[in-house]
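Me: I have a model on the screen and want to go through it by question and answer. Please start with any enclosed space, then move on to the rest of the chain.

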Amino acid sequence: MPVKIRLQRHGKKGKPFYWIVAADSRAKRDGKFLEKIGTYNPNTNPATIDLNVDSAASWLFKGAQPTDTARAILSYKGALLKHHLNGGVRKGAITQEQADEKFAAWLEEKENKITAKSTGLAESKAAAKAKALEAEKEVSAKRVKAAEEAQAEAEVPAVEEEVVEETATEETPAAEDNTEEKEA
């Protein structure tokens, strides 16, 4: 029975979530499987991968062939490296302690890279948020300034109207006096 290590899709429409499984290659994509090895969630940044490395290395030793995407995930989590190191132990090239030591050093280095990436993403997100806040403050300041100018312009014509009304009131009695003088 040819065994494949592949992804089995779960989740809802537009939000995929995958199980990493060892399954018979003739089984349906989301059908029967032999063993669930881990999970893969591409919706997070960086993608969340939970993998049982020992189980994956065991299936690789038994001859299971990973699909392209599964191979990339296994490589990313170190299952292929562990399988390679276990092959060296079986051949007698290195001891189990040396293999475990190399694998632990690789895991530590990989964890540092992941931490650096997530820290960089958090810092860039904070910087973008600060930049957006600064831009919003500038727009708000411009709005306040425009409102003050509009209010100042509204007060100036009101003062001019009062002056025009006072002038008109002063001319009206004079006009009445002129008409009375002409009649008399």
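Reply: A cavity here is a set of grid points where a 1.4 Å probe fits but cannot get out. The model is predicted.

Me: How many cavities of 30 Å³ or more does the structure hold, and what volume does the largest cavity have?
Reply: The structure holds one cavity of 30 Å³ or more. The volume of the largest cavity is about 30 Å³.

Me: Which element gives the largest share of the lining of the largest cavity?
Reply: The lining consists of K82, L85, N86, Q96, A99, D100 and F103. Two elements give two or more residues to this lining, namely helix 3 (79-91) and helix 4 (96-183). The largest share, four residues, comes from helix 4.

Me: How many residues of each class are in that lining?
Reply: Lys and Asp count as charged, while Ala, Leu and Phe count as nonpolar. The lining of the largest cavity therefore sorts into two charged, two polar and three nonpolar residues.

Me: Where does the largest cavity lie with respect to domain 1 and domain 2?
Reply: Domain 1 covers 3-94 and domain 2 covers 95-154. Both give residues to the lining, so the largest cavity lies between domain 1 and domain 2.

Me: What pattern does the chain follow along the sequence?
Reply: The chain has five strands and four helices. Read along the sequence, their pattern is β-β-β-β-α-β-α-α-α.

Me: What percentage of the 184 residues in the chain is buried?
Reply: A residue is buried when its relative accessible area is under 20%. Of the 184 residues in the chain, the buried ones make up 21%.

Me: Which element gives the largest share of the largest nonpolar core?
Reply: This core has 23 residues, and those with the most contacts inside it are I5, I20, I37, Y40, L51, W59 and L74. Elements giving two or more residues to the core include strand 1 (3-12), strand 2 (15-24), helix 1 (53-61) and helix 2. The largest share, four residues, comes from helix 1.

Me: Why are the buried residues A70, I73 and L74 on the same side of helix 2?
Reply: In helix 2 (residues 68-77), A70, I73 and L74 are buried. They are on the same side of helix 2 because the arc they cover around the axis is only 100 degrees. An α-helix has 3.6 residues a turn, so residues three or four places apart point the same way.

Me: Which residue follows helix 2, and what is its phi?
Reply: Most residues other than glycine have a negative phi. The residue after helix 2 is G78, with a positive phi near 95 degrees.

Me: Which residues does a cis peptide bond join, and what is omega?
Reply: Most peptide bonds are trans. P46 lies in the loop between strand 3 and strand 4. The cis bond joins N45 and P46, with omega about -5 degrees.

Me: Is K32 buried or exposed?
Reply: K32 is in the loop between strand 2 and strand 3. Its C-alpha atom is separated by 9.9 Å from that of Q8, 24 residues apart along the chain. The cut-off for exposed is over 50%. K32 has 71% relative accessibility, so it counts as exposed.

Me: What relative accessible area does K102 have?
Reply: K102 lies in helix 4. The C-alpha atoms of K102 and L85 are separated by 8.5 Å, with the two residues 17 apart along the chain. K102 is partly exposed, and its relative accessible area is 48%.

Technical notes
Residues are numbered from 1 along each chain as its sequence is written. This is a predicted model: local features need pLDDT of at least 70, side-chain atom pairs count only at pLDDT 80 or more; totals for chains, interfaces and linings use all residues. Side-chain values use heavy atoms; hydrogens and water are left out. On a 1 Å grid over the protein atoms alone, a cavity is a set of points where a 1.4 Å probe fits but cannot get out, and a pocket is an open set with protein on both sides within 12 Å along at least five of seven lines; lining residues have an atom within 4 Å of a point. Grid points are joined across faces, edges and corners, and a volume is the space filled by probe spheres set on the points. Domain bounds come from an automatic or database domain assignment. Buried means under 20% relative accessible area, exposed over 50%, partly exposed in between (1.4 Å probe, protein chains only). The arc is that of the directions from the helix axis to the C-beta atoms. A nonpolar core is a set of buried Ala, Val, Leu, Ile, Met, Phe, Trp, Tyr and Cys residues joined through side-chain atoms within 4.5 Å.
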